[in-house]
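Here's a walk through one model, a piece at a time. Keep the viewer open and follow along.

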Amino acid sequence: MKDRMTHTQTRLAALLLAAAVTALGQAPPPKYDPASVERGRQNFASTCGFCHGTSAKGGEKGPDLLRSVLVLHDEHGETIGPVILNGRPDKGMPHFAFTPAQITDIANFLHNAVLSAEDRDNYKILNIVTGDPKAGVVYFKANCESCHSVSGDLKGIASKYDAATLQGKFIEPNQSPGDWITVTVTLPSGESFSGVPLNLDDFNVSLRDDKGNYHSFRRVKDVPKVEIHNRLQAHLDLVRRYSDDDIHNLTAYLVTLK
């Protein structure tokens, strides 16, 4: 009986081991709907990326949301939603009129990004130069050439950066205040002031001009007129339109600029 029990236990252990090996070989299903995450990424990048960075890891004006207590305590957008809808005027954050479905998508994007950050030790960078450089040339001429030049600002860029870094630079361009965003305030008299925004909400706007002078204005509805100029807006617009092929084709072309 003892030998029989040992044989049975051994067989059961083998079956359990086989099941475990099979389970380890299968990727777990995504916790968040990939389509929802992608929609959330696009909406976030185009509306929130100018402050928080397109990957939500923080910019010069907005904090890293992947470390935000509010985001970490959120489950389905119940704490993220009110902040998006109401903004934070005291901190210069505007409000956004998103639908409940859009808020859910953004919440899923942020939570998925948190999970990805936690699992970064298991991440391996694969070969990303898999696109068609000829198609990349076509895309570059149609979407990038009006601002960039392969014989000017991009000359030899592939000698400065590896493929992954180079791809990251056009998906998430460096953001530095005073270089990428400015504001122009026009008074009812027609006099205008332009510079780096220091504070911007529904009640006040302040800026520092190129001479270092500080200017502050009280806002009442649309007076004075305030215009925000974002040098990286074209990049943020493209983030919403990039397909996987566009990204890989453009990367395959840029890595040839040595």
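## Helices, sheet and rings

Start where two helices touch: Arg41, Gln42, Asn43, Ala45 and Ser46 in H2 meet Leu236, Val239 and Arg240 in H10. Bear in mind that this is a predicted model. The axes of H2 and H10 lie 9 Å apart and the helices pack at an angle of about 170°. That makes H2 roughly antiparallel to H10.

Gln42 deserves a second look here. It sits in helix H2, which covers residues 34-47, and it is one of the residues that meet H10. With a relative accessible area of 22%, Gln42 counts as partly exposed, because the buried class is reserved for values under 20%. Its side chain makes a polar contact of 3.0 Å with the side chain of Glu38. Those two are both on a helix-style spacing, and the general rule is that an α-helix has 3.6 residues a turn, so residues three or four places apart point the same way. Looking further along the chain, the C-alpha atoms of Gln42 and Thr54 are 8.8 Å apart, with their positions 12 residues apart in sequence.Now over to the sheet. Five strands make it up, in the order S4-S3-S2-S1-S5, and this open sheet has antiparallel pairing. Strand S4 (214-218) and strand S5 (225-230) stand at the edges with a single partner strand each, so one side of each has no neighbour in the sheet. From one strand to the next, the twist averages 40°.

Zoom in on the S2 and S3 part of the sheet. Strand S2 (residues 192-200) and strand S3 (residues 204-208) run antiparallel and are joined by four bridges. A hairpin connects S2 to S3 through three residues. Within this pairing, Asn199 has Ser206 as its bridge partner in S3, while Val196 stands opposite Arg208.

On its other side, S3 is joined to S4 by five bridges, and these strands run antiparallel too. S3 and S4 also form a hairpin, with five residues between them. Gly212 in that turn has a positive phi of about 90°. Across the pairing, Val205 has Phe217 in S4 as its bridge partner.

Which residues does Ser206 contact, leaving aside its neighbours within four places in sequence? They are Val196, Pro197, Leu198, Asn199, Tyr214, His215 and Ser216. Ser206 lies in strand S3, and among its contacts is its bridge partner Asn199. At 5% relative accessibility, Ser206 counts as buried.

Next come the rings. The structure holds six aromatic pairs, and two of them are set out below.

| Ring pair | Distance between centres | Angle between planes | Kind |
|---|---|---|---|
| Tyr139 and Tyr242 | 6.1 Å | 35° | tilted |
| Phe170 and Tyr242 | 5.8 Å | 65° | edge-to-face |

Why is the Tyr139 and Tyr242 pair called tilted? Its planes stand at 35°, and tilted covers what is neither under 30 degrees (stacked) nor over 60 (edge-to-face), so tilted is the label that applies. The planes of Phe170 and Tyr242 are at 65°, so that pair goes down as edge-to-face.

Both pairs link distant parts of the chain. Tyr139 belongs to helix H7 (residues 133-143), whereas Tyr242 is in the loop between helix H10 (233-241) and helix H11 (244-254), 103 residues apart. Phe170 comes from helix H9 (residues 163-171) and is 72 residues from Tyr242. Ring pairs link Tyr139, Phe170 and Tyr242 into a cluster.

Are the residues of this cluster buried or exposed? Tyr139 and Tyr242 are buried, and Phe170 is buried as well, with a relative accessible area of 8%. For Tyr242 the relative accessibility is 9%.

The loop that holds Tyr242 leads on to H11. How many of the 11 residues of H11 are buried? Eight are, so this helix is largely enclosed by the rest of the structure. The buried ones are Asp246, Ile247, Asn249, Leu250, Thr251, Ala252, Tyr253 and Leu254. What covers them includes H7, helix H8 (157-160), H9 and H10. Two of those names have come up already with the ring cluster: H7 carries Tyr139, and H9 carries Phe170. H10, for its part, is the helix that packs against H2.

Key: Residues are numbered from 1 along each chain as its sequence is written. This is a predicted model: local features need pLDDT of at least 70, side-chain atom pairs count only at pLDDT 80 or more; totals for chains, interfaces and linings use all residues. Side-chain values use heavy atoms; hydrogens and water are left out. Two strands pair if DSSP finds at least two bridges between them. Axes are lines fitted to C-alpha atoms, for helices over the stretch in contact, and angles run from 0 to 180 degrees between N-to-C directions. Rings of Phe, Tyr and Trp (its six-membered ring) pair if their centres lie within 6.5 Å; planes under 30 degrees apart count as stacked, over 60 as edge-to-face and the rest as tilted. Buried means under 20% relative accessible area, exposed over 50%, partly exposed in between (1.4 Å probe, protein chains only). A polar contact is a pair of N or O atoms within 3.5 Å; within protein, one must be able to donate a hydrogen and the other to accept it, and residues adjacent in sequence count only if both atoms are side-chain atoms. Angles under 35 degrees count as roughly parallel, over 145 as roughly antiparallel, 65 to 115 as roughly perpendicular and the rest as oblique. Contact means heavy atoms within 4.5 Å.
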